[in-house]
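Colleague: Thanks for sitting down with me. Could you show me the structure and walk me through it?

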Amino acid sequence: MTELKNDRFLKALLREPVDRTPVWMMRQAGRYLPEYRATRAQAGDFMSLCKNTELACEVTLQPLRRYPIDAAILFSDILTIPDAMGLGLYFETGEGPKFKKPLRSAEDIEKLEVIKTAKDLSYVTDAVSMIRKELNGSVPLIGFSGSPWTLATYMIEGGSSKDFRRAKGMLYDQPELAELLLDKLADSVIDYLNAQIDAGAQAVQIFDSWGGALAHDAYQRFSLKPMKKIIAGLKHENEGRKVPVIMFTKGGGQWLESMADGGADALGLDWTTDIALARQRVGDKVALQGNMDPAVLYASPEAIRAEVERILKAYGQGTGHVFNLGHGITPDVKPENAGAFFNAVAEMSELYHTV
């Protein structure tokens, strides 16, 4: 494979010395970029864009042409697995993702089959292979999946939810049934992420978007436990190099110690957790990724730079920090404000490294 020219992202995840803090942005290929909107219009709709290898590759590369970014992330969606399980994913304008066949009974869950990526989601691995080739070693490529709990919420609720009443009801009323579903999803995610690694992904992230909605004991059993199973089942080396794993639970700052023992190389932080305190709490067990409030990107470039500087100072000297937002960039952010963010990290972070 082509030699990697910029590996500071992978090094930071493994807490190895770097010359500056690496940076990427969740949803960096997205609606805030006019070129993305043009490509999506060309595809016709969101899922058609995801399933078109050339166009998925194109939108993955678009932000790297604009900004000094240290990693590309596969353009796809966390709900590809439930879609491949036959639930009928579709998107309604202004309402987000929905499923034609939500899980409504024990029978629905029992008949679900673990996905085989080679058969069910080859369009994703095709995109990974093409993106990796087009990157030509410029920066690493991140693969990803939703966490079992997060996927389960959409599958049980039939779409987005504010209170997760059906999903949480199952956890408490039928915990064994919930665990059956989560086990099937964990096995599917293991196959899915390993296939992405085989296709060329050089790091992977597990997006646990809704773990923070759970009570303490429920989080440990129904969110963290399946993620630990996934991490234990992943290929941790490929092409002669370690493949780091990032675990990101939005709203999970109270569980950092438990997550740090989960086997991941790095933990993603949302903006509600102080990164200096988080570093004290996890010690040298894991790297940290984050954690600027995405809403800061609505402010002036000067304010964005000031917040970047504050977070860099809070983390302090040394490696083990990947700069990111605490969640995805929102669609109506100005592209020049995203540029101010990336440029600020690139320009200001050298002070915190001795390489």
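What follows is a friendly exchange of questions and answers about this predicted model.

Colleague: Let's begin with the open spaces. What is the volume of the largest pocket?

Modeller: This pocket is lined by 41 residues. By class, the lining has 21 nonpolar, 12 polar and eight charged residues. The volume of the largest pocket is about 1,200 Å³.

Colleague: Which residues are the closest to the centre of the largest pocket?

Modeller: The elements that give two or more residues to the lining are α2 (34–43), α3 (46–51), β2 (89–92) and β3 (96–99). Of the 41 lining residues, the closest to the centre are Arg-27, Arg-31, Phe-46, Asp-77 and Phe-91.

Colleague: Turning to the second largest pocket, which element gives the largest share of its lining?

Modeller: The second largest pocket has a volume of about 210 Å³. Of its 16 lining residues, Met-85, Gly-86, Leu-87, Lys-111 and Leu-112 are the closest to the centre. Two elements, α5 and α7 (117–120), give two or more residues to the lining. The largest share, four residues, comes from α5.

Colleague: How many residues of each class are in the lining of the second largest pocket?

Modeller: Here Gly counts as polar, while Lys counts as charged. With the 16 lining residues sorted in that way, the classes come to eight nonpolar, one polar and seven charged.

Colleague: Now for the enclosed space. Which residues line the largest cavity?

Modeller: The count comes to one cavity of 30 Å³ or more, and the largest has a volume of about 30 Å³. Its lining divides into three nonpolar, five polar and one charged residues. The residues in question are Thr-249, Gly-252, Gly-253, Leu-256, Met-259, Gly-268, Leu-269, Asp-270 and Thr-273.

Colleague: Back to α5, then. At what angle do the axes of α5 and α11 cross?

Modeller: Helix α5 covers residues 80–87 and helix α11 covers residues 175–199. α5 passes α11 in a right-handed crossing. Their axes come within 10 Å and cross at roughly 115°.

Colleague: Which residues make the contact between α5 and α11?

Modeller: By class, this contact has five nonpolar, two polar and one charged residues. From α5 come Thr-80, Ile-81 and Met-85. From α11 come Lys-184, Leu-185, Ser-188, Val-189 and Tyr-192.

Colleague: Ser-188 caught my eye. Is Ser-188 buried or exposed?

Modeller: Ser-188 is found in helix α11. Leaving aside neighbours within four places in sequence, Ser-188 is in contact with Ile-81, Met-85, Val-114 and Ile-115. The relative accessible area of Ser-188 is 0%, and the cut-off for this class is under 20%, so Ser-188 is buried.

Colleague: How far apart are the C-alpha atoms of Ser-188 and Gln-42?

Modeller: Along the chain, Ser-188 and Gln-42 are 146 residues apart. In space, their C-alpha atoms are separated by 31 Å.

Colleague: Why is helix α9 described as largely enclosed by the rest of the structure?

Modeller: Helix α9 covers residues 148–157. Its buried residues include Trp-149, Leu-151, Tyr-154 and Glu-157. The helix is largely enclosed because the number of its residues that are buried is 10 of the 10.

Colleague: What phi does the residue just after α9 take?

Modeller: The residue just after α9 is Gly-158. Its phi is positive, at about 90°.

Colleague: Which residues have a positive phi although they are not glycine?

Modeller: Most residues other than glycine have a negative phi. One residue to look at lies in the loop between α8 (122–135) and β4 (141–146), and another lies in the loop between β6 (237–238) and β7 (241–242). Each has a positive phi of about 55° and is partly exposed at 41% relative accessibility. They are Asn-136 and Glu-239.

Colleague: One last backbone question: where is the peptide bond that is cis?

Modeller: Most peptide bonds are trans. The cis bond has omega near 0°, and one of its two residues, Asn-291, is found in strand β10 (residues 287–292). The bond runs from Gly-290 to Asn-291.

Key. Residues are numbered from 1 along each chain as its sequence is written. This is a predicted model: local features need pLDDT of at least 70, side-chain atom pairs count only at pLDDT 80 or more; totals for chains, interfaces and linings use all residues. Side-chain values use heavy atoms; hydrogens and water are left out. Buried means under 20% relative accessible area, exposed over 50%, partly exposed in between (1.4 Å probe, protein chains only). On a 1 Å grid over the protein atoms alone, a cavity is a set of points where a 1.4 Å probe fits but cannot get out, and a pocket is an open set with protein on both sides within 12 Å along at least five of seven lines; lining residues have an atom within 4 Å of a point. Grid points are joined across faces, edges and corners, and a volume is the space filled by probe spheres set on the points. Axes are lines fitted to C-alpha atoms, for helices over the stretch in contact, and angles run from 0 to 180 degrees between N-to-C directions. A crossing is left-handed if the near helix is turned anticlockwise from the far one by less than a right angle, and right-handed if clockwise. Contact means heavy atoms within 4.5 Å.
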